[in-house]
Amino acid sequence: MHPAGMSPEDDVVMEGYLFKRATNAFKTWHRRWFQIKDNRLLYSHRSADVETPTVMEADLKLCLVRPAPASVERACCFELVTPTKSHLLQADSETLCNAWMRALQRTIHHLHEDDESLPPARTLAFSNDEAVSYSGPQAQSRDTLLAELRRIPGNDKCADCGADAPKWASINLGVLLCIECCGIHRSFGVQVSKVRSLTMDSLEPEQRKLMIALGNRLVNSIYLAHLPNANIVPPPPRSTSSRPVREAWIKAKYVERRFARLDTERARSSANVRAERLVRKTSKALCEFL
């Protein structure tokens with residue numbers, strides 16, 4: 001362990017031992033020293049080794065982090081998912097597992113910030129018996145916000161595939177998403193969708209207001225205003241759909257806006273509203289005059 005648990009390298013976000021599961025047929029587990037450094041995830045055999053670290057992921061911007069599937073028998077595991085593969089990792093405790101997930105998530109979010117308004121994660125190194133707690137007022141605030149957002153019409157399911165209990169949000173679109181659809185949103189860049197975890201990230205007051213004011217049902221009524229009743233191309237995904245199916249749908253829905261209400265329609269609708277208000281105002285004035 002480094003003195004005071006701090007890494008001597010300024011560009012290392014977090015480091016420590018993790019078990020990684022091999023991708024071979026035996027799926028064996030190996031203990032390695034991991035580092036989040038230069039927006040990459042690296043590992044080597046031991047912390048004091050002079051060997052050149054192996055690059056597990058060269059660009060964390062394209063990744064997402066989630067708890068390990070229930071089918072994994074080991075405890076304290078999490079998964080790093082990329083567009084082409086996934087890595088299964090195990091920490092020495094639940095606390096360290098949460099700390100690694102949060103450090104990776106904040107690094108990924110930092111890479112997606114246009115204005116770099118999200119501060120980089122704190123540089124940490126952990127031994128087996130060290131504990132870092134992320135509970136407290138902020139965690140309670142996130143739980144409260146998640147419960148509040150879930151009560152908004154349509155927010156009990158993912159806005160794109162309908163999966164139950166979504167825990168991710170697109171803070172510029174105003175919708176709640178499952179983790180699979182969230183990863184695809186992120187892959188299209190922040191110019192399309194800015195994704196946040198509702199269980200690990202804190203939202204700014206203005207972001208909270210936007211999420212509460214919109215919601216899945218309202219946003220879908222705009223982006224799916226011209227959705228055909230049959231023969232939809234590409235087909236809408238379900239919670240069990242593959243990544244290519246989700247990707248085609250999300251691209252058509254948000255990037256191409258293939259089913260959205262047109263700007264001319266919105267302008268016409270606004271004009272109608274203004275006209276109706278003018279008619280009501282004129283009628284009222286006429287009645288008062290008479």
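The following conversation goes through a predicted model and the terms used to describe it.

Colleague: What should I know about the numbering and the filters before I read the values?

Modeller: Residues are numbered from 1 along each chain as its sequence is written, and side-chain values use heavy atoms, with hydrogens and water left out. Because this is a predicted model, local features need pLDDT of at least 70 and side-chain atom pairs count only at pLDDT 80 or more, whereas totals for chains, interfaces and linings use all residues.

Colleague: What is the average pLDDT of the protein, and what share of the residues score at least 70?

Modeller: The average is 79, and 76% of the residues score at least 70, where pLDDT is the predictor's confidence in each residue, from 0 to 100. Over residues 1–6 the value is below 50, and this stretch has 11 contacts in the model beyond near neighbours in sequence. Residues 114–137 also stay under 50, with 50 contacts beyond four places in sequence, a contact meaning heavy atoms within 4.5 Å. Where pLDDT is low, the predicted coordinates should not be read in detail.

Colleague: How many helices and strands does the protein have?

Modeller: There are seven helices and 11 strands, each a DSSP run (H or I over at least four residues for helices, E over at least two for strands) numbered from the N terminus. Of the 290 residues, 43% count as buried, a word that means under 20% relative accessible area, with exposed meaning over 50% and partly exposed lying in between (1.4 Å probe, protein chains only).

Colleague: What makes α3 oblique to α6?

Modeller: Helix α3 (residues 179–187) and helix α6 (residues 243–255) pack at an angle of about 55 degrees, with their axes 10 Å apart. That angle makes α3 oblique to α6, because angles under 35 degrees count as roughly parallel, over 145 as roughly antiparallel, 65 to 115 as roughly perpendicular and the rest as oblique. The axes are lines fitted to C-alpha atoms, for helices over the stretch in contact, and the angles run from 0 to 180 degrees between N-to-C directions.

Colleague: Which hand does the crossing have, and which residues meet there?

Modeller: The crossing of α3 past α6 is right-handed, the term for a near helix turned clockwise from the far one by less than a right angle, whereas anticlockwise would be left-handed. From α3, E180, C181, G183, I184, H185 and S187 meet R243, R246, E247, I250 and Y254 of α6. The residues of this contact divide into four nonpolar, three polar and four charged, where Ala, Val, Leu, Ile, Met, Phe, Trp, Tyr, Cys and Pro count as nonpolar, Asp, Glu, Lys and Arg as charged, and the others, Gly among them, as polar.

Colleague: Why is α3 called mostly covered?

Modeller: Seven of the nine residues of α3 are buried, namely I179, C181, C182, G183, I184, H185 and R186. In α6 the buried residues are R246, W249, I250, A252, K253 and Y254, and what covers them includes β10 (175–177), α3 and α5 (216–223).

Colleague: Why does R246 count as buried?

Modeller: R246, in helix α6, has 4% relative accessibility and therefore counts as buried. Leaving aside residues up to four places away in sequence, R246 touches C161, C178, E180, C181, I184, P237, R238, S239, T240 and S241.

Colleague: What makes L218 partly exposed?

Modeller: L218 lies in helix α5, and its relative accessible area of 40% is why it is called partly exposed. L218 and P153 are 65 residues apart in sequence, yet their C-alpha atoms are 8.1 Å apart in space.

Colleague: What is notable about the backbone at D38, at R257 and between V233 and P234?

Modeller: Most residues other than glycine have a negative phi, and most peptide bonds are trans. D38, which is not a glycine, has a positive phi of about 55 degrees and is found in the loop between β2 (29–37) and β3 (40–44). R257, also not a glycine, has a positive phi of about 50 degrees, and its place is in the loop between α6 and α7 (263–289). The peptide bond from V233 to P234 is cis, with omega near -5 degrees, and P234 is found in the loop between α5 and α6.

Colleague: Why are D38 and R257 called partly exposed?

Modeller: D38 has a relative accessible area of 44%, so it is partly exposed. R257, at 48% relative accessibility, therefore counts as partly exposed.
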